[in-house]
Amino acid sequence: MGLLSLLREVLVLIHLVGFALLLGGWASQAIRRNYATTLLFRIGLGVMIGSGLLLAIPFPAGVHLDYFKLGVKLALALTIGGMFGVVITREKAGKPTRAAFWSIGALALLNAGIAIFWH
């Protein structure tokens, strides 16, 4: 395994940790029925987006990248970020956040499903 291949595998690990933070933080809030975002899963989304963008760089040579798929995943991740904004804004206004909160979890799972099942 070359250095670039190793670097790519480390980035995949970081990407998975970001997803775990996002979904784990979301799930912990959902189980407690506290429909608010936390720093934990906002950091997870940032790690996911940052590492995903780095993984979209075609290294090492010979790695096939489906840029349409990656674009869809990026659009979903940015939509999740937008939903964070909706939840935070509605929470500050004293309005219900449940639907927006649940959409964050659904979009996160959809994003993971695309990663796994879209070939």
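Is Val47 buried, partly exposed or exposed, and at what relative accessibility? In this predicted model, the residue comes out at 27% relative accessibility, so Val47 counts as partly exposed, given that buried means under 20% and exposed over 50%. Val47 sits in helix α2. Setting aside residues up to four places away in sequence, Val47 touches Ile14 and Gly18. As for Val72, the two valines lie 25 residues apart in sequence, with 17 Å between their C-alpha atoms.

Next comes the interior. The largest nonpolar core has 20 residues, and Leu22, Ile80 and Ile104 are the ones that touch the most other members. Helices α1 (3–31), α2 (39–55), α3 (67–92) and α4 (98–117) each give two or more residues to this core. In general terms, nonpolar side chains in soluble globular proteins tend to be buried together. Leu22 makes a handy vantage point: once neighbours within four places in sequence are left out, Leu22 is in contact with Phe41, Gly44, Leu45, Met48, Ile80, Phe84 and Ala108.

Now for how the helices pack, beginning with α2 and α3. Their axes come within 10 Å and cross at roughly 160 degrees; angles over 145 degrees count as roughly antiparallel, and α2 and α3 are therefore roughly antiparallel to each other. The crossing of this pair is left-handed. On the α2 side, the residues involved are Phe41, Arg42, Leu45, Ile49 and Leu53, and they meet Leu74, Ala77, Leu78, Ile80, Gly81, Phe84 and Ile88 of α3. Sorted by class, that contact has 10 nonpolar residues, one polar and one charged.

Helix α3 also packs against α4, at an angle of about 165 degrees and with the axes 9 Å apart. These two helices are therefore roughly antiparallel to each other as well, and α3 passes α4 in a left-handed crossing. From α3, the contact draws on Lys69, Val72, Lys73, Leu76, Ala77, Thr79, Ile80, Met83, Phe84, Val86 and Val87. From α4 come Ala100, Phe101, Ser103, Ile104, Leu107, Ala108, Leu110, Asn111, Ile114 and Ala115. The breakdown here is 16 nonpolar, three polar and two charged residues.

A few names turn up repeatedly. Ile80 and Phe84 take part in the contact of α3 with α2 and in that of α3 with α4, and both also touch Leu22. Val72, the valine 17 Å from Val47, is among the α3 residues that contact α4.

Technical notes: Residues numbered from 1 in each chain as written. Predicted model: local features only at pLDDT ≥ 70, side-chain atom pairs only at ≥ 80, totals over all residues. Heavy atoms only, no water. Core = buried A, V, L, I, M, F, W, Y, C linked by side-chain atoms within 4.5 Å. Buried < 20%, exposed > 50% of the residue type's maximum accessible area, 1.4 Å probe, protein only. Helix = DSSP H or I, 4+ residues; strand = E, 2+ residues; numbered from the N terminus. Contact = heavy atoms within 4.5 Å. Axes fitted to C-alpha atoms, helices over the stretch in contact; angles between N-to-C directions. Parallel < 35°, antiparallel > 145°, perpendicular 65-115°, else oblique. Left-handed = near helix turned anticlockwise from the far one by under 90°. Nonpolar A, V, L, I, M, F, W, Y, C, P; charged D, E, K, R; others polar.
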